[in-house]
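This briefing introduces a protein structure to a reader who has not met it before. The sequence and the model are shown first, and the notes that follow are grouped by topic.

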Amino acid sequence: MNDANHNCSENLQIYQHNVYAVVYSVILAPGLLGNVLALWMFKVYISETKKAVVFMMNLAVADLLQVLSLPLRIYYYLNYTWPFGHPLCIICFYVKYVNMYASIYFLVCVSVRRCVLIKHPLRYNSSRRRGDWFISALGWLLVCLCCLPFPLLRKFSGEQDSSLVTSEAGVTDLVCFSDLPMRHVSIPVAWALLILAELLGFIIPLVLVLACTCLTAGSLREPLTGAIADRGEKRRALRMVLSCAAVFLVCFAPYHITMPLDFLVKANVLRNCAVRDLILRCHPVTLCLASLNCSLDPLMYYFTTNEFKRRLSKPEIQENLTLTRRRLSCKTGRVDTVED
């Protein structure tokens, strides 16, 4: 596989490393800041709202874990070597896909929850919130299990010499991430894995998100009920579901179009040099788009969630800081005078 890639394009690896290093560096800071802030906000008002906050918290956790792995990826793509050992390479490689598909799962959950709340606003109670935590835990378990084929289909250090690169100084360097070679997989097995991945990881979630978008939009034409005094709440719900659909289409649709083609190239099923080169140049761009969601999701929270925007307003922040100082004063036995 490495020989075929080298014959098709000598500069392909440099191109891929540059794309990954630049994009990951750009999204690192906003992704880290946005998701840490989002988790803080959600923790503050989780008891105040029922609007899918449990799923948004888990979505923020998935995005934050993905962001935390970016510094190691940036180091590798800039230096062309992995000095941290193959166990950490396996973990980082695996976590990337777990967090990506966890993001897809929780985007679907947010869309479904907002749609259900608009269609049946009186059905949500404290037991439903506990159910959301169970659904979240089940989702993490399923995603972790379903993502196991991603690392299992790659050859890591110690298995084959192809996972090692000897530098000019004669030092053997480990490769990781996109440079890891594929294991040999038969054509029927490859197609079965691709169909399952596309069906469970993209097609079914896409259908659910689009269905929730249509149902939520259709609710605006329905007569108002006593539970919802005006159409403002429905419009806010529609903005949230539309945002989930937009993030889904922008970030994950391109990746799942190129993913089966990239898999076939790396499994050496597609052999035409021009086709291989095109796919291997497009796939890194779509993978970077898939990573971009960890920076876009905090923007979605801010522009579609009133509570999030309210908590970030200056008067609200000052009030929270004042209450925090008063609580600390009570705990220490002192009475502080706070000037606003």
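The model is a predicted one. In the lining of its largest pocket, at least two residues each come from helix 4, helix 5 (86-119), helix 6 (126-146), helix 7 (149-152), helix 8, helix 9 (232-266) and helix 10 (273-304). Helix 8 provides the largest share of that lining, with 10 residues. The pocket has a volume of about 860 Å³. Its lining comprises 39 residues, of which Y101, C146, C147, F150 and A197 are the closest to the centre.

**Overall architecture**

- The protein contains 12 helices and 2 strands.
- Along the sequence, these elements follow the pattern α-α-α-α-α-α-α-β-β-α-α-α-α-α.
- The protein has 340 residues, and 46% of them are buried.

**The nonpolar surface patch**

- A nonpolar patch on the surface is formed by V112, L196, L199, L200, I203, I204, V207 and L208.
- Together, the residues of this patch have about 650 Å² of accessible area.
- Helix 8, which spans residues 187-219, is the element that gives the most to the patch, contributing 7 residues.
- One of the patch residues, L199, has its place in helix 8.
- L199 counts as partly exposed because its relative accessibility is 37%, a value between the 20% limit for buried residues and the 50% limit for exposed ones.

**Helix 4 and the residue that follows**

- Helix 4 covers residues 70-79, and its buried residues are L70, R73, I74, Y76 and Y77.
- When helix 4 is viewed down its axis, these buried residues lie within an arc of 165°, and therefore they line one face of the helix.
- As a general point, an α-helix has 3.6 residues a turn, so residues three or four places apart point the same way.
- Y80 comes just after helix 4 and belongs to the loop between helix 4 and helix 5.
- Although Y80 is not a glycine, its phi is positive, at about 60°.
- Y80 is partly exposed, as its relative accessible area is 33%.

**A second positive phi**

- F177 is likewise not a glycine, yet it has a positive phi of about 55°.
- The position of F177 is in the loop between strand 2 (172-174) and helix 8.
- With a relative accessibility of 1%, F177 counts as buried.

**Salt bridges**

- How many salt bridges are counted? The count comes to 2.
- In one of them, the side chains of R113 and D132 meet, with an N to O distance of 2.5 Å.
- R113 is in helix 5 and D132 is in helix 6, so this pair ties together parts that are 19 residues apart in sequence.
- R113 and D132 are both buried.
- R281 also forms a salt bridge, in this case with D277, and the closest N and O atoms of this pair are 3.1 Å apart.
- Both R281 and D277 lie in helix 10, where they are 4 residues apart, about one turn of the helix.
- R281 is partly exposed, having a relative accessible area of 26%, whereas D277 is buried, with a relative accessible area of 18%.
- In general, side chains of opposite charge can pair when their charged atoms come close.

**Contacts between separated parts of the chain**

- M300 is located in helix 10 and counts as buried, at 4% relative accessibility.
- M300 and R239 are 61 residues apart along the chain, and their C-alpha atoms are separated by 9.0 Å.
- A267 occupies a place in the loop between helix 9 and helix 10.
- Is A267 buried or exposed? A267 is buried, because its relative accessible area is 19% and the limit for a buried residue is under 20%.
- A267 and P181 are 86 residues apart in sequence, while the distance between their C-alpha atoms is 8.9 Å.

Methods. Residues are numbered from 1 along each chain as its sequence is written. This is a predicted model: local features need pLDDT of at least 70, side-chain atom pairs count only at pLDDT 80 or more; totals for chains, interfaces and linings use all residues. Side-chain values use heavy atoms; hydrogens and water are left out. Patches are made of residues with over 30% relative accessible area and no salt bridge: like charges are joined within 9 Å, nonpolar side chains (Val, Leu, Ile, Met, Phe, Trp, Tyr) within 5 Å. Accessible areas come from the Shrake-Rupley method with a 1.4 Å probe; for residues, only the protein chains shown count as cover. A salt bridge is a side-chain nitrogen of Lys or Arg within 4 Å of a carboxyl oxygen of Asp or Glu. Buried means under 20% relative accessible area, exposed over 50%, partly exposed in between (1.4 Å probe, protein chains only). The arc is that of the directions from the helix axis to the C-beta atoms. On a 1 Å grid over the protein atoms alone, a cavity is a set of points where a 1.4 Å probe fits but cannot get out, and a pocket is an open set with protein on both sides within 12 Å along at least five of seven lines; lining residues have an atom within 4 Å of a point. Grid points are joined across faces, edges and corners, and a volume is the space filled by probe spheres set on the points.
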